[in-house]
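Visitor: I am new to this structure. Please take one part and look at it closely with me.

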Amino acid sequence: MAVQTVASSPGTTPVDLGPAAGLSCRECGHRVPLGPVFACEECFGPLEIAYDFSGYDTEELRRRIEAGPASIWRYAPLLPVPADVARKPNLHPGWTKLAKADNLARELGVTGGLYIKDDSGNPTHSFKDRVVAQALEAARAFGFTTLSCSSTGNLAGAVGAAAARAGFRSCVFIPHDLEAGKVVMAAVYGGDLVGIEGTYDDVNRFCSELIGDPLGEGWGFVNVNLRPYYGEGSKTLAYEICEQLGWRLPDQIVIPIASGSQLTKIDKGLRELITLGLVEDRPYKIFGAQAAGCSPVSAAFKAGHDVVRPQKPDTIAKSLAIGNPADGPYVLDIARRTGGAVEDVDDAQIVDAIKLLARTEGIFAETAGGVTVGVTRKLIENGVVDPALTTVVLNTGDGLKTLDAVAPTSGPTATIRPNLDAFRAAGLAG
Ligand SMILES: *Cc1c(COP(=O)(O)O)cnc(C)c1O
């Protein structure tokens, strides 16, 4: 990977992003000040936010969080955002339902407590509103005027909406062949939307070029040059799950993988809660879920490899269709270190799982949710996920955006003329 620094300067005014103390390289630990950079100048490794949490009193922090707003901003003391973030124009995502899924638990034989963390309830109906909200604050701090991204669909909509609300221009990039629900959501907020003839990996490569070119000057790409800030948004899933369980760690979490950012940051969030004393220090297992048609991380996990071999995606789970996932090696490390696993399910199993979740819990998930529920079922059947332990499964998006996946097998039970004889003949009474 080439080193990418942004053409536009971070500006001369010092930025105040709460407890964020700087950027630190995940490979070599090299530290640099906060700015719109994402790759280490020493070793090209990815940069992430380093914090100074010293001086926090655990009980006082817990009280402050519990008294905070019903959004991700209740965790502002643990995020790279200014203290007055809740007063700035934004979409206030997060604090979504953690649904106890007793019906699904019965079907799957789970006795230790099964929960769905349902992020379809976010403002643009996917978990991406969490990450965009963080990147937006960084964009404000660094003086960017245009918000952009390379997207598998949900991110484009989340950026469009957040930019509209906060008064930024937006121009987002997607593969040309996405679901209608994703394309419309990306366009309706009035920003510019560009379809690229190619896969997500082509879109991402194009955006990296644009950042290095004068054409992209003044642009904040939420998942490229603002990626360290963006990633922190996923920590709020870890915080919410634990707080909603009564400040308790779950034993097992099943998380979908596209680039792998979300999974790595949920692990980071859980470790922070342990460090801060907000939850008890005990083991948890992290499981990654992919679609068989785009399963580079799952393939590497099963083969015992540390490197991830890129694939060309071919799956209905388009939101997860990243053939060359940036955080793949870190995901492998976390799955192995926590005693978890990475598994995949095929398109038919994804559709079955979407319908299983809908039929048992009244939650209509997008294909990514079909992937996590399907993988959970498979891992229970294989004896990898322990049904006697508390398990949280993520649903990261809304089924209304991926109607095509279930439309062929979800229609009327009968279509009849409007009279009782016709209804009787259909055999549905009683
Ligand atoms: C983007 C996305 C993910 C995961 O993204 P990562 O790149 O792995 O952080 C999961 N589910 C949905 C619905 C998404 O849109």
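Guide: Strands β1 (residues 20-25) and β2 pair in the antiparallel sense, over two bridges. This is a predicted model. One contact to find is serine 24, whose bridge partner in β2 is arginine 31. Now widen the view. β1 and β2 belong to an open sheet of three strands, in the order β2-β1-β3. The pairing there is antiparallel. The edge strands are β2 (31-32) and β3 (47-51), and each of them pairs on one side only.

Next, move along the chain to strand β7, residues 169-175. β7 is mostly covered, with six of its seven residues buried. Buried here means under 20% relative accessible area.

Look at the partners of β7. Strand β6 (residues 146-150) runs parallel to β7, and five bridges join the two. Serine 150 has phenylalanine 173 in β7 as its bridge partner. Strand β8 (residues 192-196) also pairs with β7 in the parallel sense, over five bridges. There, valine 172 has leucine 193 in β8 as its bridge partner.

Helices complete the picture. Helix α4 (residues 154-166) joins β6 and β7 in a right-handed β-α-β unit. Helix α5 (residues 180-187) does likewise with β7 and β8, and that β-α-β unit is right-handed. β7 therefore takes part in both units: with β6 and α4, and with α5 and β8.

Technical notes
Residues are numbered from 1 along each chain as its sequence is written. This is a predicted model: local features need pLDDT of at least 70, side-chain atom pairs count only at pLDDT 80 or more; totals for chains, interfaces and linings use all residues. Side-chain values use heavy atoms; hydrogens and water are left out. Buried means under 20% relative accessible area, exposed over 50%, partly exposed in between (1.4 Å probe, protein chains only). Helices (H or I, at least four residues) and strands (E, at least two) are DSSP runs, numbered from the N terminus. Two strands pair if DSSP finds at least two bridges between them.
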